[in-house]
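Biologist: Please take a close look at the inside of this protein for me. I would like to follow how its pieces pack together.

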Amino acid sequence: MNNKVMRVRKTDYERVVLTETCPYEVPIIFENVGIYRLLKISSGHTKVEHPTTKLLIDKIIIKDQTVYTVPMPYKIRKDSESFRELSLLHPASQNEIVSFYKEFQYKIINLCGLSDFSIRSPKKIASKYYKKNNMQWVNEYKSDKMIDVTNEMKYKHLTSYFSYHGYRRLYNFFDSYEFMRLERKFSVFWSLDVSRCFDSIYTESINWSNQEKDFSKSNSDVKNTFGSVFNRLMKTSNHNDSSGILIGPEVSRIFAEIIFQKIDSDIKKILQADKLESGEHYEIRRYVDDIYVFSRSDHEALKVYEAVDKSLKKYKLSLNKSKTAKVRRPFVTKKTQVMLEIKSRLKNLEEKLLEKTESDNKLSPKRLMNKHHIIISFANEIKSLCLDDASSYTMACNFLIKALTNISIKFCKRNYKRNFEKKSLSLFSDFFIVIVDLLFHLFTVNPSHSGSVQLCKMTTAVAEFCDKVIPAEAPLIKSQIFSRCLDFFKSSEFSKISHQYSDDTLLETLNMLIVSSCLGDDYMLSTKDLNSIFEINSERTLSYFEIIVLLYYIKDNPTYSVIRSRVISSIHDTLSDMSDIKSSTIKAYLFFEATTCPYLDEQDKVILVKRALESTGLASHLTIGYDALQVTHDLEGVRYCSSWDKAAMMSLLEKKELHAVY
């Protein structure tokens, strides 16, 4: 059976929560499909057995417009010295975003199409995607691009509500023919950085981008315009705070894009008054809040810089002058040079490891006389290329982790149906050991969320390949992966990210635990190791993400009974008082997660349901026992945000790869 082209049901507005309201950087097992299902129940499109279940869901996700919600903040590693704080939105706020898209989707497209500076903006509503044929081998992957206007038919999963114009990732622009054309035309290139953009955006400025500032202020009592609704939505979803917008959800990038489209227009007007015309004297390319100026001279570039600075200040934004980069033709930076060299070294490595057979499109592992020498030599080459620039090394690690993962998956795919002689099996082990060692080395020295997703892809694909194709070698290769996971948990970088940024376990660590779980039940961490990684003790209440990842890992395995008790205790500690469940994101998510998790006992779920019914005013002294039990059974049938099924890992990873947007 071939893949099928599927049409998006455009009246299914709840699909907004699948692509627009949840950050890409979440634990690997997490996807926002649970909110989608709850909204379907709330709207009546999905039936539940007991009416109290729907009433309870309505109470939590349908709220008064005057009430604000409190997002759940969490941190991810940005680089070796800093972190980025992202936020998970309350289901009620996500429901409001669905309503907003339903009413204003065409207005969004219109306001995002006003500037020719932008190289990433919504252009139309996505209408088609590919549905994968489940009979295909699980390791068949597609490109990770978002849906765009010219190639939206190429994707197997719907990945964005809108089809986009421009470039999915910034590096795509620098590798494009358009960038070459701009280099031919202009001799000066400046890169400008907007200081703390999302943290500095004033939500009221969405009104200023649609009409004059003075008019907006004098008509602040108008409540139903596009700007006033969007402004209110961004505030109420963020503790009613008008200073800054949440980082992570795609809807925040669209909010910023609309404001920057107006800033682009203001820049162009200022420069026209200065007798500078776009396309003749200069050109600007903007990727969300990254601004790139191409001009004929430094004098004209300075004029553009001043116009950008002036226009940003009108919206309470500013340039980070210390990060302004100025380059004369050729537009080659240190990072560009490093990437060219890295790609050359990677090609040489692949030629050392694999032999291609053109006739049957097969990849065969070469005999490696000294695999440790190959590993050390390649790692040293990469380090030497990045010796003078730490940021280049971060970039190199991220690129190579993805590239080596793709090589391993391509190798598995092309050899999946081959028969091998017993004497050649050691060649496969050597190939995988080199790939595994390099991947884990690059990740351990530079942990990142995207890197952990790639490691999970590699581990899932390689483990399945070994089990089905070369079972005799599987223990050796899996042991190597497991050993490298342990090395990460004992590394100095792990210790650093475990204590420097947050009391909670960071995403990179949570994902590495998921990576190790892909090896199977024979490769499980000891209770001592788990306690050490998570610092599980009676004094600390585990976070929502820690709880779901630990439950995924330990399931109902009696070996981890003490840890399981601590996890359940953390759930009850967090949900002991549900009076604010209609506003608290962590309580809303944890309640639905716990009551739908297959690894919690029914009695624990009933206790939580009783508390929720009482806190939302739905409890009755006559029917509380009956209602709580029935609601619990109803909720158990709803798969919430965490995927508890290891067999679904490859499909989930594929969708996450496609959803990475910024």
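Modeller: Here is a walk through the interior, with one stop outside it. This is a predicted model, so local features need pLDDT of at least 70 and side-chain atom pairs count only at pLDDT 80 or more, while totals for chains, interfaces and linings use all residues. Residues are numbered from 1 along each chain as its sequence is written, and side-chain values use heavy atoms, leaving out hydrogens and water.

Start with the core. A nonpolar core is a set of buried Ala, Val, Leu, Ile, Met, Phe, Trp, Tyr and Cys residues joined through side-chain atoms within 4.5 Å. Buried means under 20% relative accessible area, exposed over 50%, and partly exposed in between (1.4 Å probe, protein chains only). The largest core has 204 residues, and Tyr544, Phe545 and Phe591 touch the most other members. Helix 16 (residues 425–445) gives this core its largest share, 12 residues. Helices (H or I, at least four residues) are DSSP runs, numbered from the N terminus.

Now look at Phe591. Contact means heavy atoms within 4.5 Å. Beyond its neighbours within four places in sequence, Phe591 contacts residues including Leu56, Ile60, Leu575 and Leu635.

Next, two helix pairs. Axes are lines fitted to C-alpha atoms, for helices over the stretch in contact, and angles run from 0 to 180 degrees between N-to-C directions. Helix 2 (residues 33–43) and helix 3 (residues 51–61) pack at about 115°, with axes 9 Å apart. They are therefore roughly perpendicular, a label for 65 to 115 degrees; under 35 is roughly parallel, over 145 roughly antiparallel, and the rest oblique. Leu38, Leu39, Ile41 and Ser42 of helix 2 meet Lys54, Ile57, Asp58 and Ile61 of helix 3.

Helix 18 (residues 474–489) and helix 20 (residues 507–517) pack at about 160°, their axes 10 Å apart. This pair is therefore roughly antiparallel. Among the contact residues are Cys485 and Phe488 of helix 18 and Met512 and Leu513 of helix 20.

What about the cysteines? The structure holds zero disulfides, meaning pairs of cysteine sulfur atoms within 2.5 Å. Cys386 is buried because its relative accessibility is 5%. Its sulfur is 7.4 Å from the closest cysteine sulfur, in Cys397, so that is too far for a bond.

Finally, step outside. Lys417 sits in the loop between helix 15 (390–415) and helix 16. Lys417 counts as exposed, at 78% relative accessibility. Its C-alpha atom is 9.7 Å from that of Lys468, 51 residues apart along the chain.

Note on methods:
Helices (H or I, at least four residues) and strands (E, at least two) are DSSP runs, numbered from the N terminus.
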